[in-house]
Amino acid sequence: MTRELIIQNILTNYKQYGITEETIIPLIDSGIEQGLSYDLIYLGLKMELCKLAGEEFYCTSSDMARAFNVSNEEINERIKEVRHELAASGENPDVYFREVKATRFVI
């Protein structure tokens, strides 16, 4: 993910809610100053903008792995652990993590 791609994706999806380039550039810059990756900045912005727009936030485990700079296997194992912890504490893990069947097409 690059700075330009973050701007493009956010504006494409949230411009209709009044989000402008001038709004998000300082947020991106602040994330970079804090040492965050562009992938993590993007997911954070998307999560907060989904809340503001009244949308549900979705991302894949692969998105999370890239954002946290870990392997897909590591993030999937951590998700399994957290699901178990949530269930053990009486919470529904599906509120936070949903397993969906992936469909791939080859042309």
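These legends accompany several close-up views of a predicted model.

**Figure 1. The whole chain, an all-helical layout of five helices and zero strands.** Let us start with the overall picture before zooming in. From the N terminus on, the order of elements is α-α-α-α-α. Along the principal axes, the C-alpha atoms fill a box of roughly 45 × 35 × 35 Å. The protein has 107 residues, and 22% of them are buried. Its accessible surface comes to about 7,900 Å², with 54% belonging to carbon and sulfur atoms. Among contacts with a separation of 6 or more, 41% join residues 24 or more positions apart. For anyone thinking about electrostatics, the protein carries 11 positive and 18 negative charges, and the mean positions of these two sets are 6 Å apart.

**Figure 2. Arginine 3 and aspartate 29 meet in a salt bridge.** The count for the protein comes to eight salt bridges, and this view shows one of them, with an N to O distance of 2.6 Å. The pair links distant parts of the chain: arginine 3 belongs to helix α1 (residues 3-14), while aspartate 29 sits in helix α2 (residues 21-33), 26 residues apart. How accessible are the two partners, arginine 3 and aspartate 29? Arginine 3 is partly exposed, with a relative accessible area of 22%. Aspartate 29 also counts as partly exposed, at 29% relative accessibility.

**Figure 3. Asp39, Asp63 and Arg66 are linked in a network of salt bridges.** Take the two contacts of arginine 66 one at a time. With aspartate 39, the side chains meet at 4.0 Å, N to O. Aspartate 39 lies in helix α3 (residues 38-53) and arginine 66 in helix α4 (residues 61-68), so this salt bridge ties together parts that are 27 residues apart in sequence. With aspartate 63, the closest N and O atoms of the salt bridge are 2.6 Å apart. Arginine 66 and aspartate 63 are three residues apart in helix α4, so about one helical turn separates them. Is aspartate 39 buried or exposed? Aspartate 39 counts as buried because its relative accessibility is 18%, under the 20% limit. Arginine 66 is partly exposed, with a relative accessible area of 46%.

**Figure 4. Tyrosine 14 and tyrosine 17 form an aromatic pair.** The protein's count comes to one aromatic pair, and here it is: the ring centres of tyrosine 14 and tyrosine 17 are 6.2 Å apart, with 35 degrees between the planes. Why is the pair called tilted, rather than stacked or edge-to-face? The 35 degrees between the planes falls between the two limits, because stacked needs under 30 degrees and edge-to-face over 60. The two rings also have their own surroundings to compare. Tyrosine 14 is buried, with a relative accessible area of 5%, whereas tyrosine 17 counts as partly exposed at 42%.

**Figure 5. Glycine 90 lies in the segment after helix α5 (72-88).** Is glycine 90 buried or exposed? Glycine 90 counts as exposed because its relative accessibility is 66%, over the 50% limit. For a sense of scale, take glycine 18 as a partner for this view: C-alpha to C-alpha, glycine 90 and glycine 18 are 39 Å apart in space, and 72 residues apart in sequence.

Methods:
Residues numbered from 1 in each chain as written. Predicted model: local features only at pLDDT ≥ 70, side-chain atom pairs only at ≥ 80, totals over all residues. Heavy atoms only, no water. Helix = DSSP H or I, 4+ residues; strand = E, 2+ residues; numbered from the N terminus. Buried < 20%, exposed > 50% of the residue type's maximum accessible area, 1.4 Å probe, protein only. Phe/Tyr/Trp six-rings, centres within 6.5 Å; stacked < 30°, edge-to-face > 60°. Contact = heavy atoms within 4.5 Å. Areas by Shrake-Rupley, 256 points an atom, 1.4 Å probe, with all protein chains shown as cover. Lys, Arg positive; Asp, Glu negative; His and termini not counted. Charge placed at Lys NZ, Arg CZ, Asp CG, Glu CD.
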